[in-house]
Amino acid sequence: MNSFCKKRIESFKYAFQGVAALFGGTPNAVVHLILAVAAIAMGLIFSISTAEWLAVTIVIGLVLALEAVNSSIEALANHVSKDRSDAIRRVKDLAAAAVLLAASAALAVGLLIFLPKIIELFQC
Ligand SMILES: Nc1ncnc2c1ncn2[C@@H]1O[C@H](COP(=O)(O)OP(=O)(O)OP(=O)(O)O)[C@@H](O)[C@H]1O
């Protein structure tokens with residue numbers, strides 16, 4: 001195996017270490033993962049369409065990816081300075097805002113897809 005391939009495999013290994021660190025050390029990420037599994041289960045139960053799967057898949061990926069970025073920024077900010085500062089507060093608040101905005105979009109997608117199906121279920 002040439003060094004290019006070895007490097008790419010190493011990169012995957014580091015990325016999976018990051019995934020393990022995310023779900024092993026970030027309670028919010030675990031909550032989002034549980035919600036993602038619940039959304040997938042509901043998608044299977046309600047046999048949602050391909051377009052609906054696309055929307056669910058995109059928002060799940062977006063929320064989990066931004067959770068990883070948020071955790072990374074938090075870790076870096078904590079490393080840069082342990083002191084309280086307006087700059088660190090702003091950086092952390094903005095990173096948290098990214099997750100909140102994505103999670104809000106995911107909630108909207110979930111409600112748009114599943115709420116009508118749940119209402120229909122109770123009307124029978
Ligand atoms: N060094 C700091 N200086 C000023 N404000 C801070 C500082 N550290 C944290 N904060 C404030 O506290 C909030 C929470 O920060 P914290 O690092 O505890 O993140 P968190 O969202 O509780 O993360 P987690 O629960 O994943 O550890 C930040 O969004 C920010 O407003």
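A crossing of two helices is called left-handed if the near helix is turned anticlockwise from the far one by less than a right angle. Keep that convention at hand while working through this predicted model.

Begin by selecting helix H3, residues 50–80, together with helix H4, residues 86–123. Fitted axes for H3 and H4 approach within 9 Å and cross at roughly 165 degrees; because angles over 145 degrees count as roughly antiparallel, H3 and H4 are roughly antiparallel to each other. If you turn the view so that one of the pair lies in front, the crossing of H3 and H4 is the left-handed kind. Colouring the residues where H3 meets H4 by class should give 22 nonpolar, 1 polar and 4 charged residues.

Next, select Glu67, which the unreviewed UniProt entry lists under "active site", and which sits in helix H3. Is glutamate 67 buried or exposed? With 24 other C-beta atoms within 10 Å, glutamate 67 is buried, because 20 or more such atoms are enough for that label. To display its surroundings, leave aside neighbours within four places in sequence and show Leu22, Thr26, Asn28, Ala29, His32 and Val99, with which glutamate 67 is in contact.

Staying on helix H3, move to valine 69, which has 12 other C-beta atoms within 10 Å and is therefore exposed, since 12 or fewer is the condition for that label. Apart from residues within four places in sequence, valine 69 is in contact with Ala95 and Ala98. A distance drawn from valine 69 to alanine 98, C-alpha to C-alpha, should read 9.1 Å, although 29 residues of sequence separate the two.

Now select Tyr14, Glu74, Lys92 and Asp93, the positions that the unreviewed UniProt entry gives for "binding site". They are spread over 80 residues of sequence and also spread in space, with up to 26.8 Å between C-alpha atoms, and two of them can be visited in turn.

Lysine 92 belongs to helix H4 and, with 15 C-beta neighbours inside 10 Å, counts as partly exposed. Once residues up to four places away in sequence are set aside, lysine 92 touches Glu74 and Ala77, and Glu74 is itself one of the positions listed for "binding site".

Finish at tyrosine 14, for which you should show helix H1, residues 3–25. Tyrosine 14 has 8 C-beta neighbours inside 10 Å and so counts as exposed.

Conventions. Residues are numbered from 1 along each chain as its sequence is written. This is a predicted model: local features need pLDDT of at least 70, side-chain atom pairs count only at pLDDT 80 or more; totals for chains, interfaces and linings use all residues. UniProt positions are given in the numbering used here, feature names are shortened, and annotations may be inferred rather than shown by experiment. Helices (H or I, at least four residues) and strands (E, at least two) are DSSP runs, numbered from the N terminus. Two residues are in contact if their C-beta atoms, placed from the backbone, lie within 7 Å. Axes are lines fitted to C-alpha atoms, for helices over the stretch in contact, and angles run from 0 to 180 degrees between N-to-C directions. Angles under 35 degrees count as roughly parallel, over 145 as roughly antiparallel, 65 to 115 as roughly perpendicular and the rest as oblique. Ala, Val, Leu, Ile, Met, Phe, Trp, Tyr, Cys and Pro count as nonpolar, Asp, Glu, Lys and Arg as charged, and the others, Gly among them, as polar.
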